[in-house]
Every structure is written in structure tokens, then in C-alpha cells.
Amino acid sequence: MSSNTFGKLFAVTTFGESHGPAIGCVIDGCPPGIAIAPEDFAHDLARRATGKSRYTSQRREADEVEILSGVYEGRTTGTPIALVIRNTDARSKDYAGIADTFRPGHADYTYWQKYGIRDPRGGGRASARETTMRVAAAVIAKKWLKDRFGIEVHGWLAQLGGIRPDLPAEAAIDFAVVESNPFFWPVAAQVPELEHYINALRKAGDSVGARVNVVATGVPPGWGEPVYGKLDAELASALMSINAVKGVEIGAGFASVAQNGSEHRDEMRLDGFTSNHAGGILGGISSGQEVTASIALKPASSILIPGRSVNLAGEEVEVRTRGRHDPCVGIRATPIAEAMVALVLMDQALRHRAQCGDVAEARPRLPASAR
């Protein structure tokens with residue numbers, strides 16, 4: 001299996017390369033009757049896009065979605081939905097100088113070892129350009145989840161290099177603030193600090209890593225399969241599939257190592273759970289609390305600072321990656337992380353309905369958090 005498809009009942013297959021004529025996806029298993037139009041994709045695709053601020057890659061793509069199938073008179077039909085976006089601002093000449101060189105920290109070498117051939121233009125299939133179609137597919141998932149269950153998925157940048165949001169640990173995130181700046185940062189007063197930091201990185205030709213947090217509210221209890229289809233395991237797999245992600249945490253994540261059991265366990269009262277260290281998932285099944293996850297993204301390896309590598313001739317060379325690149329890929333990873341969480345939740349919702357749709361609501365049913 002080449003694994004270009006994820007999901008079981010809501011299955012998404014993506015195709016295309018960074019500098020090919022187009023990228024696209026096919027969504028199979030989408031329920032019929034969902035109202036959808038090309039303009040519905042614009043908001044989330046703009047949130048993910050490059051070229052929208054000076055702090056990301058300056059590649060400027062229109063990202064206009066063409067719906068080729070699966071929608072009739074503005075509603076999904078239950079048949080496969082094909083979406084295509086044409087690439088309009090690729091500059092393949094930027095990569096001519098490294099066509100025969102393996103960029104350190106990139107997938108050039110591993111693709112070559114696996115396939116014996118690679119597309120060097122913008123990283124080909126390994127480019128973050130592919131994630132555009134994940135965000136597009138998730139527009140449909142988000143719409144269905146909100147209409148059916150009131151579920152909303154939101155993310156924010158929780159760390160940029162060594163900078164963290166100046167917020168108390170348990171403070172609520174104001175998503176109006178998050179959406180009001182190009183960093184998806186939850187504290188408006190810190191945005192000038194981030195701007196200065198990224199400008200200095202760009203001037204130095206370097207890059208830095210980041211952390212993105214995601215929360216899904218309104219997820220009912222009971223979703224997930226308890227052994228090999230655990231909700232947290234599938235979330236971890238989906239989030240780890242995002243370019244540059246090197247770590248995933250569910251709930252308290254690695255902070256659980258330093259916690260005692262008396263602290264970590266999320267005690268229950270009739271008025272709700274007293275904490276959410278488990279991230280809304282127990283035994284692989286949603287508990288009805290907020291589902292929370294975090295991802296750690298590595299620094300981009302495509303930087304101007306020269307580095308040592310080898311070429312196809314087996315010679316040691318110095319490589320410097322030119323072109324348009326992000327000083328921090330985490331800045332625009334927020335909508336991508338949201339997309340993967342939404343796609344997993346929709347797939348799990350359909351799987352739960354298929355097996356357990358006739359199961360009556362069990363009592364007691366606790367509120368998400370104690371008042």
C-alpha cells in the first residue's frame with residue numbers, strides 16, 4: 001500500500017505535487033445532503049495559505065477549489081467528491097541547483113532510497129503544499145460535525161521557538177484574538193515580539209520550531225474503538241502525518257510523567273469531570289470532555305545557511321536552499337492540525353453510528369467539566 005488514503009468510512013485520498021499542474025483529493029463515504037459550494041472552502045484555505053503575511057513563504061497561490069464530482073445543486077450526493085486546485089505560482093527554477101543534491105533534514109534522500117526517483121521541485125509530494133487538500137476536505141467534515149453535533153475544532157500557536165503565550169496555565173483561549181493576527185497567537189500584546197523574532201530569523205537565513213494546540217468541543221462520549229482504532233491513537237497518527245511534525249501529545253501528554261496518579265486521574269462528580277489530563281479520551285473512547293492535542297513541529301530544513309550533504313554522484317557538497325520558504329512552518333500549521341482532528345472525528349463518528357447507532361444513551365451522562 002502506498003498509503004495516500006486515510007480514514008475508513010470517511011476516506012480521503014490526496015494527490016499531486018508542489019510544482020505539478022494541480023493538487024487534489026477524492027473524498028469517499030461522505031454522507032449525502034451536506035450543503036457545499038466552492039466559496040465555502042475559501043476561509044480555511046486562506047488561513048493555511050502562504051503569501052498572506054511577510055512571516056511565511058511568499059508563494060502566492062489562488063487556491064480556488066473546483067468541485068468535479070459528488071455535489072449536485074449545491075449538496076453532496078453520497079458519491080465520491082473530487083476536489084482540484086490548480087498550481088499557479090510555482091517557480092521550479094528555484095530548485096534547479098539542488099536537483100542532484102540531497103538537502104539535509106529533508107525527504108530528498110529517503111524518497112530516493114524508496115522509489116529510485118524523486119521530484120526535486122519544491123519537495124514534490126513531500127511538500128506542505130499537499131496539506132492544502134487536507135484542509136479542503138476538512139471544510140466538509142467541520143460543517144457536518146457542527147451541524148450534527150455542535151462540534152467545533154479550534155487551534156492556536158502555543159509556542160514559537162522559546163516564546164510562549166503570556167497566559168495563566170488554565171486561562172481560556174480567546175479565538176477572536178487568535179484569528180486576528182497572522183501567527184494564530186492567543187495574546188495580542190505579544191505579536192510585536194513575534195514579528196521581531198521572525199524578522200531576525202529571516203534576516204539570518206535560519207528557521208525555528210513551534211508547538212500548536214488543538215481543541216475539539218462538543219464531542220459526545222462513546223466515539224473511538226477500544227483496541228486498534230483508539231480515538232487518541234488515530235488522532236496521533238493523523239497529526240504525525242503532517243509535514244515537520246516530530247511529536248504529538250494527547251491531553252497532558254509528556255507532562256504526565258511528572259504527575260502522581262492522584263493528580264493525573266480525572267475525577268468525576270455528578271456535575272462533571274474535575275480535570276481533563278486525559279484529553280477527553282479514556283480507553284481510546286471519547287469521554288464527552290474537550291478533546292485536546294498538541295503537536296511539535298521541527299525547524300524547516302530549507303534555509304539559506306549552508307550545510308553539508310552529498311549528491312547523486314556520491315560526492316560531499318555544500319548545499320544552500322534558495323527559493324521561498326517559511327522561517328517557521330508552525331505559523332500556518334494551525335488550520336492543518338484542525339483539519340486532521342476534524343477528519344478523524346468525522347470518520348470516527350460515522351464508524352460509531354455504523355456499529356452502535358442503536359445503542360441507547362447510557363446513564364449517568366456527565367457534563368464535560370464540573371461547575
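In this predicted model, helix H6 passes helix H8 in a right-handed crossing. The two axes, that of H6 over residues 231–240 and that of H8 over residues 334–356, come within 9 Å and cross at roughly 145°. On the H6 side, the residues that meet H8 are Leu231, Glu234, Leu235, Ala238 and Leu239, while H8 contributes Ala337, Met340, Val341, Val344, Leu345, Asp347, Gln348 and Arg351. Sorted by class, the residues of this contact divide into 9 nonpolar, 1 polar and 3 charged.

From the helices the reader can turn to the second largest pocket, which has a volume of about 1200 Å³. Its lining is made up of 35 residues, and the closest to the pocket centre are Trp156, Ala169, Glu170, Asn213 and Thr292. The elements that give two or more residues to this lining are strand S8 (152–160), strand S9 (210–217) and strand S15 (291–297), and of these S9 gives the most, with 5 residues. By class, the lining of the second largest pocket has 18 nonpolar, 12 polar and 5 charged residues.

A further feature to follow is the hairpin of S16 and S17. Strand S16, residues 307–310, and strand S17, residues 316–319, run antiparallel and are joined by 4 bridges; in one of the pairings, glycine 307 has valine 319 in S17 as its bridge partner. Between the strands of this hairpin lie 5 residues, and glycine 314 takes a positive phi near 80° in the hairpin.

Conventions
Residues numbered from 1 in each chain as written. Predicted model: local features only at pLDDT ≥ 70, side-chain atom pairs only at ≥ 80, totals over all residues. Heavy atoms only, no water. Axes fitted to C-alpha atoms, helices over the stretch in contact; angles between N-to-C directions. Left-handed = near helix turned anticlockwise from the far one by under 90°. Contact = heavy atoms within 4.5 Å. Nonpolar A, V, L, I, M, F, W, Y, C, P; charged D, E, K, R; others polar. 1 Å grid on protein atoms, 1.4 Å probe; cavity = no way out; pocket = protein on both sides within 12 Å on 5 of 7 lines; lining within 4 Å. Points joined across faces, edges and corners; volume = space filled by probe spheres on them. Pairing = 2+ DSSP bridges.
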